[in-house]
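Visitor: I have a structure to look through and plenty of questions about the labels people put on it. Could you walk me through them?

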Amino acid sequence: MNAAASRPRLVVGISGASGVSYGVRALEALRELGIETHLVATRAALLTLAQETDLSPDDLSVRADVTHRLVDVGATIASGSFRTLGMLVAPCSVRTMSEIATGVTSTLLTRAADVTLKERRPLVLMVRETPFHLGHLRTMTQLTEMGAVIAPPLPAFYARPRSVEEIIDQSVGRALDLFGLDWRGTRRWAGLDAGA
């Protein structure tokens, strides 16, 4: 087996919620960490990309090692035999979250998430919506019972962020922690006396 084939892999899904920069930054962080990334993005994600950034779909794709088409349900990431560290959906829309919870998957993104759950690998959903109604909360409970981790990208003000970029980095870093990945962009809590 060659060195490239032995690199750990992570699937990154980007769905159509606000906060596409979380997915972009996650791809950049994973590249720094030497993790092979497999990207799948929804059509709504690409619309959000155009609204929230100056990036094109090609700019997004070059940040991943492999980019899969949303309709390609025969892609490698649709099979449990394709070994990965798990899957991160950043951001995760309520629609995507709900589809994953039902197990009735209509795209490669939700199929890959379903595979991640059935293989008992970490599935981290950076759900981007507020406020939540009871149906959203029940869906989150159901997914948690199925083994997913619900990790909304909430600011950590103890890290004293000085920019939106630092807020994004902290949320991405904490999400990557859930896969056992330690990224330099993550500020660690050092205790109340650390700043004294």
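**Pockets, cores and odd angles**

Guide: Gladly, and keep in mind that this is a predicted model. Let's begin at the largest pocket: helix 2, helix 4 (94-102) and helix 5 (108-118) each bring at least two residues to its lining. Helix 4 has the largest share, three residues.

Visitor: What makes a residue part of the lining of the largest pocket, and which ones lie nearest its centre?

Guide: A lining residue has an atom within 4 Å of a pocket point. For the largest pocket, 14 residues line it, and Thr 42, Leu 70, Arg 95, Thr 96 and Thr 107 lie nearest its centre. The space inside comes to about 240 Å³. By class, the lining has three nonpolar, eight polar and three charged residues.

Visitor: What makes a space a cavity and not a pocket?

Guide: In a cavity a 1.4 Å probe fits but cannot get out, whereas a pocket is open. The structure has one cavity of 30 Å³ or more, and the volume of the largest cavity is about 40 Å³. Its lining includes Val 11, Phe 82, Ala 112, Val 115 and Arg 121. Helix 5 gives the most to that lining, with three residues.

Visitor: How do you know that helix 7 has the span its residue count calls for?

Guide: Helix 7 (residues 164-177) has 14 residues, and at 1.5 Å a residue it should span 20 Å. The C-alpha atoms at its ends are 20 Å apart, so the two agree.

Visitor: Which residues of helix 7 are called buried, and why that word?

Guide: Buried means under 20% relative accessible area, so a residue has to fall below that cut-off to earn the word. In helix 7, Ile 168, Asp 169, Gln 170, Ser 171, Val 172, Gly 173, Ala 175 and Leu 176 are buried. What they pack against is strand 1 (9-14), helix 1 (20-32), strand 4 (87-92) and strand 5 (123-127).

Visitor: What stands out in the largest nonpolar core?

Guide: Of its 29 residues, Ile 14, Leu 60, Leu 88, Val 172 and Leu 176 touch the most other members. Helix 1 gives the most to this core, with seven residues. Leaving out residues up to four places away in sequence, Leu 88 has contacts that include Leu 10, Val 12, Ala 26, Met 126, Leu 176 and Phe 179. Another core, of 25 residues, lies apart from it, with Cys 92, Ala 101, Leu 108 and Val 127 among them.

Visitor: Why is Arg 120 called exposed?

Guide: The bar for exposed is over 50%. Arg 120 has 69% relative accessibility, so it counts as exposed. Arg 120 sits in the loop between helix 5 and strand 5, and its phi is near 60°, a positive value in a residue other than glycine.

Visitor: How do you know that Arg 160 is exposed?

Guide: Its relative accessible area is 67%, so Arg 160 passes the cut-off of over 50%. Arg 160 also has a positive phi, about 50°, and lies in the loop between strand 6 (149-150) and helix 7.

Visitor: What makes a positive phi or a cis bond worth pointing out?

Guide: Most residues other than glycine have a negative phi, and most peptide bonds are trans. Here a cis peptide bond joins Ala 90 and Pro 91, with omega about -5°, and Pro 91 is in strand 4. The bond from Thr 130 to Pro 131 is cis too, with omega near -5°. Pro 131 lies in the loop between strand 5 and helix 6 (134-146).

Methods. Residues numbered from 1 in each chain as written. Predicted model: local features only at pLDDT ≥ 70, side-chain atom pairs only at ≥ 80, totals over all residues. Heavy atoms only, no water. Helix = DSSP H or I, 4+ residues; strand = E, 2+ residues; numbered from the N terminus. Expected span 1.5 Å × (residues − 1). Buried < 20%, exposed > 50% of the residue type's maximum accessible area, 1.4 Å probe, protein only. Contact = heavy atoms within 4.5 Å. Core = buried A, V, L, I, M, F, W, Y, C linked by side-chain atoms within 4.5 Å. 1 Å grid on protein atoms, 1.4 Å probe; cavity = no way out; pocket = protein on both sides within 12 Å on 5 of 7 lines; lining within 4 Å. Points joined across faces, edges and corners; volume = space filled by probe spheres on them. Nonpolar A, V, L, I, M, F, W, Y, C, P; charged D, E, K, R; others polar.
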